[in-house]
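User: I would like to know what the labels on this model rest on. Please set each value against its definition.

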Amino acid sequence: YIENGNVWLSSPDGAKKVQLTTSGTPAKPWLGVAQAADGRTAAVFNNDPNGNARNQRIKVWDKLGNEIKDLTLQSKNPGSSLIARPIAFEITDDGEVTANEFSYCGGVFPCGSLIRGTWYTTTNVEFGLTPPFETSGARQGTFFGRRLVFTDGSAVSVQRAPNAPFTDDSDPWISPSAGFALKRADIPASGGKVALEVLTEAPAPGQPKNTISVLPYAGDAGTGAVDPANGCDLGAPAASGNAHNVAWSPDGSQIAWRDEQGLKVAGAPVLPWPDPTPCSLSSPPVLITAAPADDTPEPKDASTYFTVSGPSFGGADVGAILAARTPPPPPAPAPAPGPAPGGPTGTGGPAVTPPKAPTGAALAKGLALNVTSTAAGAITARGTIPAKLARRLGLPTTVATGRIGAQRAGQKLTLRLRLTAKARRKAKRLKGVTLTVRITQGGKTTTLRLKLR
């Protein structure tokens with residue numbers, strides 16, 4: 001759909017959204033968008049400095065949001081520069097062809113008549129149709145497979161399957177009752193039901209002029225029998241005021257439209273529904289965006305509306321697009337350096353307050369360590385030096401030990417750490433050495449690194 005001039009994609013529940021374009025503005029918006037079941041999204045833009053509608057282009061993205069084509073939106077030269085298009089914009093279910101409705105003035109100045117129809121552009125090859133194929137008089141086209149479903153401003157017709165959409169063969173299908181006109185029709189790829197945009201020429205006071213009817217049909221689209229008695233209308237509270245731009249999900253399980261509150265998606269109406277309107281929906285509507293649609297009536301004919309702003313259902317993977325655009329997490333911080341001399345490490349062992357200025361002489365007499373017990377029982381201490389240094393001094397790696405008993409958890413005690421007999425004889429040579437002290441109680445240890453002065 002188009003919001004604030006740019007193309008957006010949303011999951012049907014509105015939980016995930018991604019902006020596909022950024023170059024549009026409300027004053028110079030993207031001009032139309034449509035999405036295929038395979039996830040291809042096509043959108044129309046115009047970068048012509050003079051805004052010439054015959055120089056419009058389409059961009060095509062794959063289901064992962066990667067731009068795969070930038071093509072000319074093909075047109076004929078009818079001898080008039082005042083072409084209005086796209087008035088409607090759609091893409092075939094297979095994503096291969098787009099259709100755009102046009103109109104231009106013909107006859108005597110200033111505008112004797114409006115000439116209308118639909119031109120087609122392929123989505124894979126530049127100038128794939130030269131000149132472009134035209135379905136004369138076709139308005140507000142949607143696709144059922146590759147078959148254009150269109151109106152002449154009043155009744156609905158469907159192209160015949162052979163050679164569609166490049167064919168003029170079609171079947172008149174649904175005609176309105178007196179006082180009504182059918183502006184647009186959409187059929188899900190699964191078939192079996194059709195959503196009609198119905199214009200009421202003289203609505204009752206307080207009633208909307210434009211409504212959406214959902215009707216089941218049997219047989220083939222274009223020739224199958226429509227069953228109005230078992231259809232229903234989208235009405236309040238689901239639809240607010242004038243409702244238009246209706247679109248089915250490809251499997252027909254969801255329906256979307258625009259009304260005076262914004263763009264909505266709901267579960268498909270329950271059919272058959274032989275009761276008075278409104279429709280019973282299989283799930284309540286979700287408001288995707290409150291941004292209004294561009295539904296300005298086309299000059300000279302209030303029965304035709306621009307229906308290019310969406311919604312259009314398809315298979316784009318919004319979650320994957322968002323994931324690809326999400327920056328990677330920052331690198332994990334570098335591991336913290338080992339504890340500085342005097343800093344206790346370890347969890348669960350007795351709490352220890354390091355001595356301020358430990359020396360070898362103090363260690364020889366018994367270095368006082370203030371500890372807090374974790375439980376009742378013995379607390380032991382063991383001081384070690386690196387193995388390489390121990391070999392050079394002719395000492396074992398353990399050079400100091402200590403022990404004290406605790407009567408309860410949380411008891412504050414003074415544990416004396418003393419050099420062993422062999423280490424006392426070489427106490428002076430321990431100056432400048434870093435002693436690793438492990439204080440243990442109940443299998444849990446706290447470690448200190450003490451640099452002896």
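User: What makes a stretch count as one of the helices or strands in the protein chain?

Analyst: Helices (H or I, at least four residues) and strands (E, at least two) are DSSP runs, numbered from the N terminus. On that basis the protein chain has four helices and 34 strands. The model is predicted: local features need pLDDT of at least 70, side-chain atom pairs count only at pLDDT 80 or more, and totals for chains, interfaces and linings use all residues. Residues are numbered from 1 along each chain as its sequence is written, and side-chain values use heavy atoms, with hydrogens and water left out.

User: Why is the protein chain called more spread out than a compact globule?

Analyst: The globule rule is 2.2 Å times the number of residues to the power 0.38, and the radius of gyration is taken over C-alpha atoms. For 453 residues the rule gives 22 Å, whereas the protein chain has 39 Å, well over that value, so it is more spread out than a compact globule. Its C-alpha atoms fill a box of roughly 120 × 50 × 40 Å along the principal axes.

User: How much of the protein chain counts as buried?

Analyst: Buried means under 20% relative accessible area (1.4 Å probe, protein chains only). Of the 453 residues, 48% meet that mark.

User: Why are strands 22 and 25 placed at the edges of their sheet?

Analyst: Two strands pair if DSSP finds at least two bridges between them. The open sheet runs in the order 22-23-24-25, with antiparallel pairing. Strand 22 (244-248) and strand 25 (286-289) each have a single partner strand, so one side of each is left without a neighbour in the sheet.

User: How do you know that strands 24 and 25 pair?

Analyst: Strand 24 (residues 262-267) and strand 25 share three bridges in the antiparallel sense, and the pairing rule asks for at least two. Val265 stands opposite Val286 in strand 25.

Methods. Buried means under 20% relative accessible area, exposed over 50%, partly exposed in between (1.4 Å probe, protein chains only).
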